[in-house]
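Colleague: I would like a close look at one part of this model, the packing of its helices. Please carry on from there to the side chains and the backbone.

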Amino acid sequence: MEDFYIGLFLAISSSIFIGTSFIFKKLGLLRLARNSSTRAGQGGYGYLREWMWWAGMILMTVGEFANFAAYAFAPATLVTPLGALSVLVSAILASRVLKEHLNLLGKLGCGLCVIGSTVMVIHSPKEQEVANIDQLKAMVAEPGMDILFTDC
């Protein structure tokens, strides 16, 4: 059960790091746009000298490593839905930090992300560990598995 909570913590922290990284990168690009006439979309590489953009990239890397590590401790049916929470973190921080307006559909989308992730985590099937090769053979022979291998 301890591994489950470690995986849960890593998955949630991953979403926070990744969601925050988008805000940092956008802040770096906005600072660059104020101080330079060349935009990144026009072929400029000035953002590579912007420390705020690099902070966002570092946060993104840390978040992806935390997400990767979460799969080692918790089942994918828990970690994957929690990845959607990075969208929620990014939307909330964008409205607070960047002063972007979150309209009704955006708020509805954030609510659906929370509800969907919660439902998927609560009702996800629990993974079973395979102890030996005979148990693996029995699991592969179960109905439903033949669908996966009919086209091979």
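Modeller: The answer starts with one helix contact, then takes up other sites in turn.

First, the ground rules. This is a predicted model, with residues numbered from 1 along each chain as its sequence is written, and local features need pLDDT of at least 70, side-chain atom pairs pLDDT 80 or more, while totals for chains, interfaces and linings use all residues. Side-chain values rest on heavy atoms, without hydrogens or water.

Two packed helices are described by the angle and the distance between their axes. Take α2 (residues 51-73) and α3 (residues 76-83). Helices are DSSP runs (H or I, at least four residues), and strands are E runs of at least two; both are numbered from the N terminus. The axes of α2 and α3 come within 8 Å and cross at roughly 155°. Such axes are lines fitted to C-alpha atoms, for helices over the stretch in contact, with angles from 0 to 180 degrees between N-to-C directions. α2 and α3 are therefore roughly antiparallel. That label covers angles over 145 degrees; under 35 is roughly parallel, 65 to 115 roughly perpendicular, and the rest oblique.

Which residues of α2 meet α3? On the α2 side they are Asn-67, Ala-70 and Tyr-71. On the α3 side they are Ala-76, Val-79 and Thr-80. Contact here means heavy atoms within 4.5 Å. The residues divide into four nonpolar, two polar and no charged. Ala, Val, Leu, Ile, Met, Phe, Trp, Tyr, Cys and Pro count as nonpolar, Asp, Glu, Lys and Arg as charged, and the others, Gly among them, as polar.

Now α4 (residues 85-96), which holds Ser-86. Ser-86 is buried, at 10% relative accessibility. Buried means under 20% relative accessible area, exposed over 50%, and partly exposed in between (1.4 Å probe, protein chains only). Beyond its neighbours within four places in sequence, Ser-86 touches Ser-15, Ile-18 and Gly-19. Ile-92 also sits in α4. Ile-92 is partly exposed, at 40%. Its C-alpha lies 9.2 Å from that of Gly-19, although 73 residues separate Ile-92 and Gly-19 in sequence.

Next comes the loop between α4 and α5 (104-122), where Lys-99 is placed. Most residues other than glycine have a negative phi. Lys-99 has a positive phi of about 60° and is not a glycine. Lys-99 is exposed, at 68%.

Then the aromatic rings. There are two aromatic pairs. In one, the rings of Phe-4 and Tyr-5 have centres 5.4 Å apart and planes at 80°, so the pair is edge-to-face. Rings of Phe, Tyr and Trp (its six-membered ring) pair with centres within 6.5 Å; planes under 30 degrees apart are stacked, over 60 edge-to-face, and the rest tilted. Phe-4 is partly exposed at 29%, and Tyr-5 is partly exposed at 48%. Trp-53 and Trp-54 also pair edge-to-face, with centres 5.1 Å apart and planes at 85°. Trp-53 is buried at 13%; Trp-54 is partly exposed at 40%.

Last, the cysteines. The whole structure has zero disulfides. A disulfide needs two cysteine sulfur atoms within 2.5 Å. The sulfur of Cys-110 has its closest cysteine sulfur in Cys-113, 6.4 Å away, too far for a bond. Cys-110 is buried at 12%, whereas Cys-113 is partly exposed at 22%.
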